[in-house]
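Student: I have a model open and a pile of labels to check. Can we go through what earns each label?

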Amino acid sequence: MKQLIKAGISALLITPSYSFLPSLFKDVDFPIIQVDRQTQSLPYSSVRLNNKKGGYIATRHLLELGHRDITCITGPMHVLSAQERTEGFKWAVQEFGIDPAKLTYLEGDYLMKSGYSLADQIENSRCTAIFCENDMMAVGIYKRFRELGITVGKDISIVGFDDISYCDFFDVPLTSVYQSGYDIGYTACSRAFYEIKNPSDSKQTIFFEPKLIIRDSTTKVIQEKDKIFTSNIKSNSKYNSSAF
């Protein structure tokens, strides 16, 4: 930080880790903007996604398809985005009269390996749908499900989060919550220029609203009247409909 101050920069954009301490910036007299993440202990403006709303619209989509036994694969729960996405999940299920405490929560770390390692627990839970709090963990779940003979979009529904660039290229394209990295970055830069010109103005948290991109990984839950027929054609699947 001392080198940046000596360089005479006018503003700084940061994507903070969650262990940042305010003392790191004690000698800073230029604007700092937190991008994508926000650490509550830092008294600076931030530009980020409305993660709670994202968790809500992802889960509501599954509920509207008839799913009631939904497993939530969280990010690391010391991270604000994971906390907020989980709050959105609970908000949605409560609206449908479901007690969030009765559903399954498995904590991941936003990495593919954690999705892969949690997939067996998901399979054992016999849920009909998954809200996965980022797409990278969903990649791991897809891989393990292929090994188990479980077909996403047929045997189980999955919603991811972030809408990474290759969601369309999954073997079953992934329904996911979209956030625009370009728009967030552009707005963060604009806010930095504004604070350079107006240093005494109050700091702001600017939220971007998420959008759900629906693809083939989410389908309606099997209705009771259809179970006999579908259980016959899916008897070799670990997720046969008679288990629901």
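**Checking the labels**

Tutor: Sure, and keep in mind that this is a predicted model. Start just past α2, where G66 follows the helix with a positive phi, near 100 degrees.

Student: How do you know that α2 has the span expected of a helix?

Tutor: Helix α2 covers residues 51–64, which is 14 residues. The expected span is 1.5 Å times one less than the number of residues, and for α2 that comes to 20 Å. From first C-alpha to last, α2 reaches 20 Å, so the span is close to the expected one.

Student: What makes α2 "mostly covered"?

Tutor: A residue is buried when its relative accessible area is under 20%. In α2, 10 of the 14 residues are buried, so "mostly covered" fits. Among them are N51, Y56, H61 and L63. Across the protein, buried residues make up 51% of the 244 residues.

Student: Why is the set around I141 called a nonpolar core?

Tutor: The members have to be buried residues of the listed kinds, such as Ile, Phe and Cys, joined through side-chain atoms within 4.5 Å. The largest such core has 27 residues, and I73, I122, I130, C132, I141, F145 and I158 have the most contacts inside it. Two or more residues come from each of α4 (112–125), β6 (129–132) and α5 (135–148). The largest share, seven residues, is from α5. As for I141, leaving out residues up to four places away in sequence, its contacts include I73, I122, I130, C132 and I158. In general, nonpolar side chains tend to be buried together in soluble globular proteins.

Student: Which residues belong to the second, separate core?

Tutor: That core has 19 residues, including C72, V93, I98 and V159.

Student: Why are β3 and β9 called paired strands?

Tutor: Pairing takes at least two bridges between the strands. Strand β3 (residues 45–49) and β9 have four bridges in the parallel sense, so they count as paired. Within that pairing, L49 is opposite F208 in β9.

Student: And what makes β1 and β9 edge strands?

Tutor: The four strands run in the order β1-β2-β3-β9 in an open, parallel sheet. Both β1 (12–14) and β9 (205–208) pair on one side only, and that is what "edge" refers to. On average, neighbouring strands here are turned by 20 degrees against each other, direction ignored.

Student: How much of the contact map is long range?

Tutor: Taking contacts between residues at least 6 apart in sequence, 69% join residues at least 24 apart.

Methods: Residues are numbered from 1 along each chain as its sequence is written. This is a predicted model: local features need pLDDT of at least 70, side-chain atom pairs count only at pLDDT 80 or more; totals for chains, interfaces and linings use all residues. Side-chain values use heavy atoms; hydrogens and water are left out. Buried means under 20% relative accessible area, exposed over 50%, partly exposed in between (1.4 Å probe, protein chains only). Contact means heavy atoms within 4.5 Å. Axes are lines fitted to C-alpha atoms, for helices over the stretch in contact, and angles run from 0 to 180 degrees between N-to-C directions.
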